[in-house]
Amino acid sequence: MKNTPFNLADYNGQKVLLNFSAVNCGFCKSALKYFNQKDYRLSNKTNGVYLNIDKKIDVADYINKINVPFQVISDAKELSELYGVFGYPTFFLIDEFGVIENVVVGYNEEFLESLKM
């Protein structure tokens with residue numbers, strides 16, 4: 001959202017959670033509310049990235065209403081297609097070596113809880 005480049009290679013040695021989302025997705029909003037719980041923090045070796053397929057203006061309006069605790073990337077439709085995303089939310093957990101460790105399609109509290117510190 002701040003026009004800064006994003007490169008997964010910058011996170012070498014750390015896990016990355018890619019959270020593919022859409023503005024009009026109720027389960028995506030539920031996931032954000034889960035991440036925003038007072039006692040929720042991602043493990044200290046995991047960085048969250050919120051990738052929204054919608055246009056920047058729509059995402060900006062959305063994140064003004066609901067806090068997104070991760071770096072935000074809008075206009076990520078092409079990237080979601082490259083990752084083969086077919087439903088939202090979709091989570092990709094990428095390990096310290098850049099290998100996809102887990103993919104979860106849909107809202108899954110058990111998975112979200114497993115990422116917790």
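## Salt bridges around Lys-116

Lys-116 forms a salt bridge with Asp-39, with 3.4 Å between the closest N and O atoms; a salt bridge here is a side-chain nitrogen of Lys or Arg within 4 Å of a carboxyl oxygen of Asp or Glu. This pair links distant parts of the chain, since Lys-116 sits in the segment after H4 and Asp-39 in the loop between H1 and S2, 77 residues apart. Lys-116 also forms a salt bridge with Glu-113, again with the closest N and O atoms 3.4 Å apart. Asp-39, Glu-113 and Lys-116 are thus linked in a network of salt bridges.

How open are these side chains? Asp-39 counts as exposed at 52% relative accessibility, Lys-116 as partly exposed at 23%, and Glu-113 as partly exposed at 35%. The terms work like this: buried means under 20% relative accessible area, exposed means over 50%, and partly exposed is in between, using a 1.4 Å probe and protein chains only.

## About the model

This is a predicted model, in which local features need pLDDT of at least 70 and side-chain atom pairs count only at pLDDT 80 or more, while totals for chains, interfaces and linings use all residues. Residues are numbered from 1 along each chain as its sequence is written, and side-chain values use heavy atoms, with hydrogens and water left out.

## The sheet and its helix

Five strands make an open sheet in the order S3-S2-S1-S4-S5, with mixed pairing. Strands (E, at least two residues) and helices (H or I, at least four) are DSSP runs numbered from the N terminus, and two strands pair if DSSP finds at least two bridges between them. Strand S3 (71-73) and strand S5 (100-105) stand at the edges with a single partner strand each, so one side of each has no neighbour in the sheet. From one strand to the next, the twist averages 20°.

Strand S1 (residues 15-21) and strand S2 (residues 46-52) run parallel and are joined by seven bridges. One pairing to look up is Val-16, whose bridge partner in S2 is Asn-47. Helix H1 (residues 26-35) lies across S1, S2 and strand S4 (90-94), and runs at about 140° to S1. Such axes are lines fitted to C-alpha atoms, for helices over the stretch in contact, with angles from 0 to 180 degrees between N-to-C directions.

A further salt bridge involves the sheet: Lys-15 with Glu-101, whose closest N and O atoms are 3.2 Å apart. Lys-15 lies in strand S1 and Glu-101 in strand S5, so the pair ties together parts that are 86 residues apart in sequence. Glu-101 counts as partly exposed, at 42% relative accessibility. The structure holds three salt bridges.

## Two nonpolar cores

Which residues touch the most other members of the largest nonpolar core? They are Leu-17, Phe-35, Phe-91 and Leu-112, out of 21 residues in that core. A nonpolar core is a set of buried Ala, Val, Leu, Ile, Met, Phe, Trp, Tyr and Cys residues joined through side-chain atoms within 4.5 Å. H1, helix H2 (56-65), S4 and helix H4 (109-114) each give two or more residues to this core, and H1 gives the most, with four.

Leaving aside its neighbours within four places in sequence, Leu-112 is in contact (heavy atoms within 4.5 Å) with Ala-31, Tyr-34, Phe-35, Tyr-40, Phe-91 and Tyr-107. Apart from the largest core lies another, of eleven residues, among them Leu-18, Val-49, Ile-73 and Phe-92.

## Aromatic pairs

There are ten aromatic pairs, counted when the ring centres of Phe, Tyr or Trp (its six-membered ring) lie within 6.5 Å; planes under 30 degrees apart count as stacked, over 60 as edge-to-face and the rest as tilted. Phe-20 and Tyr-83 form a tilted pair, 5.4 Å centre to centre with 50° between the planes. Phe-20 lies in strand S1 and Tyr-83 in the loop between helix H3 (77-82) and S4, so this pair ties together parts 63 residues apart in sequence. Phe-20 counts as buried at 0% relative accessibility, whereas Tyr-83 is partly exposed at 25%.

The rings of Phe-27 and Tyr-107 are stacked, because their centres are 6.4 Å apart and their planes are at 20°. Phe-27 belongs to helix H1 and Tyr-107 to the loop between S5 and H4, 80 residues apart. Phe-27 is exposed, at 53%, while Tyr-107 counts as partly exposed at 25% relative accessibility. Finally, Tyr-34, Phe-35, Tyr-40, Phe-70, Phe-91 and Phe-111 form one aromatic cluster.
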